[in-house]
Amino acid sequence: MVCNLCPRSCGVDRAIKPGFCSAGVLPQIARAALHYWEEPEISGKNGSGAIFFSGCNLDCVFCQNHEINHTMVGREWDAESLSDLMLHLQQKGAHNINLVTPTPHVDTIIPAVWLAREKGLLIPIVYNTNGYETIETLRALRGTVDIYLPDLKYVTPLVSKKYSNAQNYFDFASKALQEMHTQCGELCTDENGIAKRGMIVRHLVLPGSVDETRRVMQFLADTLPKTVHISLMGQYIPCHNADFVPLNRKLLKREYDRAIDYCLQLGFENIRIQSLSSAEAEYVPLFDGSIEL
Ligand code: SF4
């Protein structure tokens, strides 16, 4: 299988050698469990049925999940076994199936979701992505995904190059978010406030980068309705290779407050903000291939 699933366009046969994301032909799952630390519309009371895939098409210097970013952790799963895993998570009470860093694995995920639906999967599918996507891959997911949970990390090419090794990040992510919004629209929730369909855009405010946050929010204001759901995250902690100024410290309260003020000035109606006390390493899951069923 020659892989051009994401903007890296590696063009490699992953059966012979991996591309940038390090993924092989079949997905490896670093962790699957009920997850309680997503947005309330996603985690709810029962938890989100999170499936953390190994491998990633970005290489963020501050990655909290760096243990599984470019190191493959966990055994391989085919479409049949992945569909059973989804059904097990539903049986445990998960509000949804939350596919974390799914992009390199869509060739297995799409048949797995449809198999699972044939076998009784009723809960929504959440596509939890860094936003570095091609339109072609997203169009292949139409009808498979119910809720998009994309990041929009940066606008400026030099910043995305320095922090995530992806100079063209915004070129692709900006178009990807518009396609996701076209497919799934505004966030819809049930009577308990649990997401059923739609999109939540995530943005992590980085230390020393409030101006980049302003550019991200300006783009969203210019292209999507003011009712779009935005999760403005302030939970940054220095991880992995973030050992240089300004990424070697937590976000300051005054930086986060400036980011919030800017969102409010732009007129967004659905902004979720965080307590800065959630910026602790204890909120990072353990990635050891474990499947909690
Ligand atoms: S999914 Fe992986 S192998 Fe495929 S193009 Fe993207 S980075 Fe390259």
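This section describes helix α7 and the aromatic and charge–ring contacts of a predicted model.

Helix α7 spans residues 169–184 and comprises 16 residues. From its first C-alpha to its last, the helix reaches 22 Å, close to the 22 Å expected at 1.5 Å a residue. Its buried positions are Y169, F170, A173, S174, A176, L177, E179, M180, H181, Q183 and C184. In an α-helix there are 3.6 residues a turn, so residues three or four places apart point the same way. The buried residues of α7 pack against both helices and strands. The helical partners are α5 (135–140), α6 (157–164) and α8 (210–223), and the strand partners are β6 (125–129), β7 (147–150) and β9 (195–204). The helix is followed by G185, for which phi is positive, near 70°.

Aromatic rings provide a further set of contacts, with nine aromatic pairs counted in the model. One of these joins F62 and Y163 in an edge-to-face arrangement, with 6.5 Å from centre to centre and 85° between the planes. F62 is located in the loop between β4 (48–53) and α2 (66–69), whereas Y163 belongs to helix α6, so the pair ties together parts that are 101 residues apart in sequence. F62 has a relative accessible area of 7% and is therefore buried, the cut-off being under 20%. Y163 likewise counts as buried, at 7% relative accessibility.

A second edge-to-face pair is formed by Y132 and F172, whose ring centres are 6.2 Å apart and whose planes make an angle of 85°. This pair also links distant parts of the chain, 40 residues apart: Y132 is in the loop between β6 and α5, and F172 is in helix α7. The two residues differ in their accessibility class. Y132 counts as buried at 2% relative accessibility, whereas F172, at 30%, counts as partly exposed.

Ring pairs extend these contacts into a cluster that links F62, Y132, Y154, Y163, Y169, F172, Y236 and F244. Among these residues, Y169 is also one of the buried positions of α7, and F172 lies in that helix.

Charged side chains are also placed over aromatic rings. R8 lies over the face of F20, at 3.7 Å from the ring centre. In another such arrangement, R117 is positioned over the face of W114, with a distance of 4.8 Å from the ring centre.

Methods: Residues are numbered from 1 along each chain as its sequence is written. This is a predicted model: local features need pLDDT of at least 70, side-chain atom pairs count only at pLDDT 80 or more; totals for chains, interfaces and linings use all residues. Side-chain values use heavy atoms; hydrogens and water are left out. Helices (H or I, at least four residues) and strands (E, at least two) are DSSP runs, numbered from the N terminus. The expected span of a helix is 1.5 Å times one less than its number of residues. Buried means under 20% relative accessible area, exposed over 50%, partly exposed in between (1.4 Å probe, protein chains only). Contact means heavy atoms within 4.5 Å. Rings of Phe, Tyr and Trp (its six-membered ring) pair if their centres lie within 6.5 Å; planes under 30 degrees apart count as stacked, over 60 as edge-to-face and the rest as tilted. A charge sits over a ring if NZ of Lys or CZ of Arg is within 6 Å of the ring centre and within 35 degrees of the ring normal.
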